[in-house]
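Reader: I have just opened this one and would like someone to walk me through it. Could we take it a piece at a time?
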Amino acid sequence: QVQLVESGGGLVQAGGSLRLSCGASGRTFSSGVIGWFRQAPGKEREFIAGIRWIAANTYYADSVKDRFTISRDSIENTVYLQMNSLKPEDTAIYYCATSRRWGIPTTTQDYDTWGQGTQVTVSS
């Protein structure tokens, strides 16, 4: 079955940018939804962006709209999260996940496979 691996996290100053990657092994992305979530210490895991593999339709949480961009590369079989204008409140562990839903769900229970997460820390 598919295994997801996130990469690209790190330490960045406020206002800076990071690009996260989510790669799949075991099988390729070919249908359904890939979502990005984040979880800060002591807080719930929250949806931030999702993309349908077919047609690359996207949806964003209001908190990251106009700052983050989710995209896919069908050749590299990778989903990206370009994060610009980062703020300290963006600090969290970022996860990618897959869903079999046709639409783009925003709840964790609608996603069935998760990566291990990558840490993003934004300093002031």
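Author: We can go through a sheet, a pocket and one loop residue in turn, bearing in mind that this is a predicted model.

Reader: Let's start with the sheet, then: in what order do the four strands of the open sheet come?
Author: The order across the open sheet is β1-β3-β8-β7, and the pairing between these four strands is antiparallel. At the edges are β1, covering residues 3-7, and β7, covering residues 68-73, and each of these pairs on one side only. From one strand to the next, the twist averages 15°.

Reader: How many bridges are there between β1 and β3?
Author: There are five bridges between β1 and β3, which spans residues 18-25, and the two strands run in the antiparallel sense. As a landmark for that pairing, you can look for E6, which stands opposite C22 in β3.

Reader: And moving along, how many bridges do β3 and β8 have?
Author: β3 and β8 are joined over six bridges, again in the antiparallel sense, and here G23 stands opposite T78 in β8. On the far side of that, β7 pairs with β8, residues 78-83, over six bridges in the antiparallel sense, with S71 placed opposite Y80 in β8.

Reader: Okay, changing topic: what volume does the largest pocket have?
Author: Its volume comes to about 170 Å³. The lining of the largest pocket is made up of 13 residues, and those closest to its centre are R27, S31, G32, T98 and S99. Two elements, β4 (33-39) and β9, each give two or more residues to that lining.

Reader: How many of the lining residues are nonpolar, polar or charged?
Author: The lining of the largest pocket divides into four nonpolar, six polar and three charged residues.

Reader: One last thing, I keep clicking on T106. Where is T106 found?
Author: T106 sits in the loop that runs between β9, residues 92-99, and β10, residues 113-114.

Reader: Why is T106 called partly exposed?
Author: T106 is called partly exposed because its relative accessible area is 40%, and that label applies between the limits of 20% for buried and 50% for exposed.

Reader: Which residues does T106 touch, leaving out those up to four places away in sequence?
Author: Leaving those aside, T106 touches F37, F47 and Y59. If you would like a distance as well, the C-alpha atoms of T106 and A14 are 26 Å apart, with the two residues 92 residues apart along the chain.

How values were computed:
Residues are numbered from 1 along each chain as its sequence is written. This is a predicted model: local features need pLDDT of at least 70, side-chain atom pairs count only at pLDDT 80 or more; totals for chains, interfaces and linings use all residues. Side-chain values use heavy atoms; hydrogens and water are left out. Buried means under 20% relative accessible area, exposed over 50%, partly exposed in between (1.4 Å probe, protein chains only). Contact means heavy atoms within 4.5 Å. Two strands pair if DSSP finds at least two bridges between them. Axes are lines fitted to C-alpha atoms, for helices over the stretch in contact, and angles run from 0 to 180 degrees between N-to-C directions. On a 1 Å grid over the protein atoms alone, a cavity is a set of points where a 1.4 Å probe fits but cannot get out, and a pocket is an open set with protein on both sides within 12 Å along at least five of seven lines; lining residues have an atom within 4 Å of a point. Grid points are joined across faces, edges and corners, and a volume is the space filled by probe spheres set on the points. Ala, Val, Leu, Ile, Met, Phe, Trp, Tyr, Cys and Pro count as nonpolar, Asp, Glu, Lys and Arg as charged, and the others, Gly among them, as polar.
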